[in-house]
Amino acid sequence: MVPTFYSLLEALQTPAASCRTLCDAEFARRADGSPALTRTSFFTEAPLVWCGARYLLCVPQCGSAIPRVERTAARMKHLHAECLTSYRILRDELAYTDSTGALRRCDAVLHRLPEGEPLTDCALMHDAGELLAALERLAGELAEIGFTHCNLKPDNLYLTPGGRLVPVRYHFARFDEPGGDEEAFAALREWIASHAGLGGQSVRDAIAPLYRAAGEPDCGYRGPMCEGLTCVCGESGYGFVDEAERVAIPLQYLWAGDFAEGRAMVETPTGMGLIDKQGRYVIEPRYEIVEYNAYTGCSRVRSEGLWARFDYLGRQQGPFTAVWQNDPVEEKA
């Protein structure tokens with residue numbers, strides 16, 4: 001059992017009562033006073049300051065999230081490298097109320113943020129040659145310790161005051177498998193070459209006019225291009241733009257994931273759902289969790305604490321049950 005987006009939002013309003021270790025942490029807040037949460041594929045992130053340092057609290061949004069990162073967290077306990085930051089699991093950290101009103105607790109990941117700012121926010125303030133040198137230094141350091149990030153992109157790199165690039169979000173990391181980040185480093189070199197040193201603006205300031213033209217005042221997030229569409233976020237919410245920077249699916253969701261095999265998970269005020277590339281609902285947004293698997297084309301869907309499988313076309317395959325059983329294809333994936 002994991003908290004829904006809304007139960008997490010409620011719990012973090014009072015961290016002193018809800019958190020076991022982070023009871024005295026200061027969570028980032030939005031203008032309306034609510035916790036500043038960001039949804040990713042497997043976690044909801046809550047930025048915070050604790051003991052004078054900045055962290056991300058990563059709370060699972062699907063049952064497979066914590067098991068997926070346990071090996072990474074265990075290895076990080078013994079891996080002391082200047083190019084990485086601490087990443088650990090806090091057991092039974094968060095108390096929340098589930099859909100039945102019962103009080104529950106869940107594990108969470110505490111990930112320390114480096115000093116400095118995300119590369120997407122500050123690249124335009126720096127010389128491309130300096131950033132490329134920092135990127136090559138990082139590539140060498142990760143290779144030396146046998147660490148493969150598996151999700152390297154500008155949003156997952158911080159530039160420190162000393163000019164280092166430090167990666168964050170180790171949820172997909174692998175160890176002792178060299179070469180897994182080569183394509184990502186090649187893409188980052190191209191990104192730096194086209195974005196660095198372009199006049200003292202932040203990247204978000206530079207691309208914001210694209211969304212203002214479409215009626216969006218600002219862009220707070222920009223994901224990778226996936227299947228011809230890029231997930232972006234403005235004041236109206238998450239949505240998608242095409243390769244020509246035209247709004248393809250309106251910015252209207254509380255959260256949206258990247259497209260894979262023609263499907264993307266989305267979160268709305270009424271729940272999670274699944275959309276196709278035209279923005280049509282394949283699975284209506286009324287469930288606690290929708291976890292789409294691009295390998296199988298199926299989705300694991302949770303409603304009132306029970307699970308069911310839906311196929312690629314959004315058809316329910318059997319009744320909702322208390323225990324989820326993977327099929328052989330999912331086990332291989």
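# Reading a predicted fold by its definitions

Q: What share of the contacts in the protein with a separation of 6 or more comes from residues 24 or more positions apart?
A: In this predicted model, residues 24 or more positions apart account for 48% of the contacts with a separation of 6 or more. A contact, here, asks for heavy atoms within 4.5 Å.

Q: How many helices and strands does the protein have, and what part of its residues counts as buried?
A: The protein has eight helices and 23 strands, and 52% of its 333 residues count as buried.

Q: Why is S64 called buried?
A: A residue is buried when its relative accessible area is under 20%, and S64 has a relative accessibility of 19%, so it counts as buried. S64 lies in the loop between β4 (53-60) and α3 (65-76), and, when residues up to four places away in sequence are not counted, S64 touches F42, E291 and R300.

Q: How do you know that the length of α3 agrees with what is expected of a helix?
A: The 12 residues of α3 would be expected to reach 16 Å at 1.5 Å a residue, and the distance from the first C-alpha of α3 to its last is 17 Å, which is close to that value.

Q: What makes the buried residues of α3 line one face?
A: The buried residues of α3 are A65, I66, V69, T72, A73 and M76. Seen down the axis of α3, these buried residues fall within an arc of 120°, and therefore they line one face of the helix. Among the elements that cover the buried residues of α3 are β3 (43-50), β4, β5 (87-97), β6 (103-112), β8 and β11 (174-175).

Q: How do you know that the span of helix α5 agrees with expectation?
A: Helix α5 (residues 128-145) has 18 residues, which at 1.5 Å a residue should span 26 Å, and its end C-alpha atoms are indeed 26 Å apart, so the two values agree. The buried residues of α5 are L131, A134, L135, L138, A139, E141 and L142, and what covers them includes α4 (119-122), β8, β9, β10 (165-167) and α6.

Q: How do you know that the span of helix α6 agrees with its number of residues?
A: With 14 residues (182-195), helix α6 should span 20 Å at 1.5 Å a residue, and because its end C-alpha atoms are 20 Å apart, the span agrees.

Q: What makes the buried residues of α6 belong to the same side of the helix?
A: A184, F185, L188, W191 and I192 are the buried residues of α6. Around the axis they cover an arc of only 120°, which puts them on the same side of α6. On the other side of α6, the residues E182, E183, E190 and A193 are exposed.

Q: Why is G197 called partly exposed?
A: The class partly exposed lies between the limits of 20% and 50% relative accessible area, and G197, with a relative accessibility of 47%, therefore counts as partly exposed. G197 comes just after α6 and takes a positive phi of about 60°, and its place is in the loop between α6 and α7 (203-212).

Q: How do you know that G197 is in contact with residues beyond its neighbours in sequence?
A: Leaving aside neighbours within four places in sequence, G197 is in contact with A123, L124 and H126. From C-alpha to C-alpha, G197 and A123 are 6.8 Å apart in space, while in sequence they are 74 residues apart.

Q: Why is P269 called exposed?
A: Exposed means over 50% relative accessible area, and the value for P269 is 65%, so P269 is exposed. P269 has its place in the loop between β17 (264-268) and β18 (271-275), where, leaving aside neighbours within four places in sequence, P269 is in contact with Y6 and L254. P269 and Y6 are 263 residues apart in sequence, and their C-alpha atoms are 8.9 Å apart in space.

Q: Why is C150 called partly exposed?
A: The relative accessibility of C150 is 30%, and therefore C150 counts as partly exposed, since that class lies between 20% and 50%. C150 is found in the loop between β8 (147-148) and β9 (157-159), and it has a positive phi of about 75° although it is not a glycine.

Q: What is the phi of E261, and where is E261 found?
A: E261 has a positive phi of about 50° although it is not a glycine, and E261 is found in the loop between β16 (255-256) and β17.

Key. Residues are numbered from 1 along each chain as its sequence is written. This is a predicted model: local features need pLDDT of at least 70, side-chain atom pairs count only at pLDDT 80 or more; totals for chains, interfaces and linings use all residues. Side-chain values use heavy atoms; hydrogens and water are left out. Helices (H or I, at least four residues) and strands (E, at least two) are DSSP runs, numbered from the N terminus. The expected span of a helix is 1.5 Å times one less than its number of residues. Buried means under 20% relative accessible area, exposed over 50%, partly exposed in between (1.4 Å probe, protein chains only). The arc is that of the directions from the helix axis to the C-beta atoms.
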